[in-house]
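Dear colleague,

I am passing on a structure that you have not worked with before, and I would be glad if you looked it over alongside the notes in this message. Please open it first and then read on.

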Amino acid sequence: MTSIYIHIPFCIKKCNYCDFTSYSCISEENIENYFKYLIKEMGMNPPKDEINSIFIGGGTPSFVDSKYIEDIFNVLKKYPWTEDIEITLEANPNSITKEKLKVYKDLGINRISMGVQSFNEDILKKIGRVHKNSDTFSAAKNIREVGFKNLNLDLMLALPDQKMDDVEDSLREIEKLNPEHISYYSLIIEPGTPMEKFYEEGRYTFPNEELDRKMYHRVVEGLENLGYHQYEISNFAKSGYESVHNLRYWKIKEYLGYGLSASSSIGEYRYTNTDNFKDYFEMIDEGRLPQIFRERLKNIDRLHEYMIMGLRLNDGVDIEDAENRFGIDIKKYYKEEIEKNLKYKTIRMENNRIFLTDYGRDISNQVELDFMK
């Protein structure tokens, strides 16, 4: 089985914290041209296995006319899907309409991932979002009325001028919206973004690390009380609604990416497409896949990825599975790293699995570095 990611690099406005490949103020002619080449790329590199998840991300896929999403599915439907395939489309509250949702539903899309980020409208302005709370609730209402039964909300912590009260407000709003899945990430101030400039200028007050951790622990507790179980450091779901697509990334399964800057991991190879429109078009015109980076991963590299991704999961790392996949004695190979982290109580071992402790989750980046060797 394989998974497919399709990148739609267009937005109504680029957010102040965003360093993804996305563009605003693009003409309809350029959007139409991009999809023409995207479909060419898909035809040049079809999946070799049955597809069990598709994720259409960006950018903001719901920003473009739904006819372009239909064009993509005219290609995707030529390939075999599993019966229980999960198909996700990312959307923003202000660009997803009932008409578009009906088209998505008819195409087979069964999961909507909506970028909410915050329920505080002052914070939304500071991070460059263009929607309001009323848009979020209106969009959620339309999503339900059209018949979608799997809704994810993306939310963020450590935002400018964010307080604990904002977290409490968010938990109350989540209860009203009752989505099946929540992704709750802490803001990372990326180089070259407007948010980095705001941070350096001292324009806003950002929560310090201690407050960020308090917010995070309150989110974990609050979502658990609302019936969501945490299955990955930043992801929470009602039973049976864990993200199939993201779990494939975290479990180091194969995936195929199409579009500007999309990455793929197939067999021993990992490769990434160009993020430049001109190069993307020219390479496809020349009959070449638009890849600018390609590497052959060693078995040990895959093991390191497997370990750091597995540690992020609440199920932890299955030592027996790791040994079967990579042919390496995990307890022997990672003897020093395991002993060190057991000593500092950042991990625990139980039933032949390695788990992060609550403290380990708070410093997960440091623990993961140990297991990168």
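The notes below take up a pocket, a cavity and a small sheet, in that order.

Please keep in mind throughout that this is a predicted model.

The pocket described here is the second largest one, and its volume comes to about 310 Å³. It is lined by 18 residues, of which K251, L313, D315, G316 and R353 are the closest to its centre. Several elements contribute to this lining, with at least two residues each coming from the strands β7 (229-232) and β13 (317-318) and from the helices α9 (244-250), α11 (299-312) and α12 (319-326). Seen by domain, the lining takes at least three residues from domain 1 (2-250) and at least three from domain 2 (299-371). Sorted by class, the residues around the second largest pocket are eight charged, six nonpolar and four polar.

Turning to enclosed space, the structure has one cavity of 30 Å³ or more. The largest cavity holds about 30 Å³, and the residues that line it are Q117, S118, F119, L155, M156, Q162, D166, S170 and Y184. Two elements, β5 (151-157) and α6 (164-177), each give two or more residues to that lining. By class, the lining of the largest cavity is made up of four nonpolar residues, four polar residues and one charged residue.

The sheet brings back β13, a strand already named for the pocket. It is an open sheet of three strands, arranged in the order β13-β15-β14 with antiparallel pairing. Because β13 and β14 (347-350) are the edge strands and each has a single partner, one side of each has no neighbour in the sheet.

Between β13 and β15 (residues 353-356) there are two bridges in the antiparallel sense, and here V317 is placed opposite I354 of β15. The antiparallel pairing of β14 with β15 runs over four bridges, and in it E350 faces R353 of β15, the R353 that is also among the residues closest to the centre of the second largest pocket. These two strands, β14 and β15, make a hairpin with two residues between them, and N351 in the turn has a positive phi of about 50 degrees. Finally, helix α14 (residues 335-343) lies across β14 and β15, and its direction makes an angle of about 110 degrees with β14.

With best regards

How values were computed:
Residues numbered from 1 in each chain as written. Predicted model: local features only at pLDDT ≥ 70, side-chain atom pairs only at ≥ 80, totals over all residues. Heavy atoms only, no water. 1 Å grid on protein atoms, 1.4 Å probe; cavity = no way out; pocket = protein on both sides within 12 Å on 5 of 7 lines; lining within 4 Å. Points joined across faces, edges and corners; volume = space filled by probe spheres on them. Nonpolar A, V, L, I, M, F, W, Y, C, P; charged D, E, K, R; others polar. Domains from an automatic or database assignment. Pairing = 2+ DSSP bridges. Contact = heavy atoms within 4.5 Å. Axes fitted to C-alpha atoms, helices over the stretch in contact; angles between N-to-C directions.
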